[in-house]
Amino acid sequence: MKTAKSGTQGEGDYEATRRYRKRTENFIAKNDVAKIARAAAPRSLTEARELQAAEATGRARAKTRVKPKAGGGRTTR
C-alpha cells in the first residue's frame, strides 16, 4: 500500500508483485538459467564447505527468532 506522504509501499503491494513477476519471467526467458547456475556453483571443496558453513550460520540465526504467538493473526499497535 502506498502512502501519500512518504511514497513508501507496505506488505500486500500487488503492483510490486506484478513488477517482480514480470522481471523474473523476462530474466528466465532471455537467459540460460542452467548455465548461470553452473557458473555460480562452488569452484572447490573448500568453497563448498564455506558456503555450507555460512548457510548453517544463517539457519541457526533464523531458528533463534522469537516466533509469533499461537493463533497467528495480525498484531496491532
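A residue counts as partly exposed when its relative accessible area falls between the buried range, under 20%, and the exposed range, over 50%. With 41% relative accessibility, Glu 55 therefore counts as partly exposed. Please keep in mind as you look around that this is a predicted model.

**Two salt bridges**

Glu 55 is a good place to begin, since its side chain meets that of Arg 59 in a salt bridge, with 2.8 Å from N to O. Both Glu 55 and Arg 59 belong to helix H3, which covers residues 45-63. They sit four residues apart there, about one turn of the helix. Arg 59 has a relative accessible area of 52%, so this residue is exposed.

How many salt bridges are there by this rule? The count comes to two. The other pair to visit is Arg 19 with Glu 15, whose side chains meet at 2.9 Å, N to O. Here too the partners lie four residues apart, about one turn, this time in helix H1. Arg 19 is partly exposed at a relative accessible area of 35%, and Glu 15 is also partly exposed, at 43%.

Here are the two pairs side by side:

| Salt bridge | N to O distance | Helix |
|---|---|---|
| Arg 19 and Glu 15 | 2.9 Å | H1 |
| Glu 55 and Arg 59 | 2.8 Å | H3 |

**A buried acid before H1**

Side chains of opposite charge can pair when their charged atoms come close. Asp 13 is a case to set beside the pairs above. You will find Asp 13 in the segment before helix H1, which spans 14-30. Is Asp 13 buried or exposed? Asp 13 is buried, yet has no salt bridge. The nearest side chain of opposite charge is that of Arg 19, 4.7 Å away. A salt bridge needs a nitrogen and an oxygen within 4 Å, so the distance of 4.7 Å between Asp 13 and Arg 19 does not qualify. Asp 13 does have a neighbour to look at, though: a polar atom of its side chain lies 3.2 Å from the backbone nitrogen of Glu 15.

**A nonpolar patch on the surface**

Now turn to the surface. Which residues form a nonpolar patch there? Phe 27, Ile 28, Val 33 and Ile 36 do, with about 340 Å² of accessible area together. Helices H1 and H2 (33-40) each supply at least two residues of this patch. One of its members, Ile 36, is in helix H2. Ile 36 has a relative accessible area of 39%, so this residue is partly exposed.

Notes: Residues numbered from 1 in each chain as written. Predicted model: local features only at pLDDT ≥ 70, side-chain atom pairs only at ≥ 80, totals over all residues. Heavy atoms only, no water. Buried < 20%, exposed > 50% of the residue type's maximum accessible area, 1.4 Å probe, protein only. Lys, Arg positive; Asp, Glu negative; His and termini not counted. Polar contact = N/O pair within 3.5 Å; in protein donor to acceptor, adjacent residues only side chain to side chain. Patch = residues over 30% accessible without salt bridge, like charges linked within 9 Å, V, L, I, M, F, W, Y side chains within 5 Å. Areas by Shrake-Rupley, 256 points an atom, 1.4 Å probe, with all protein chains shown as cover.
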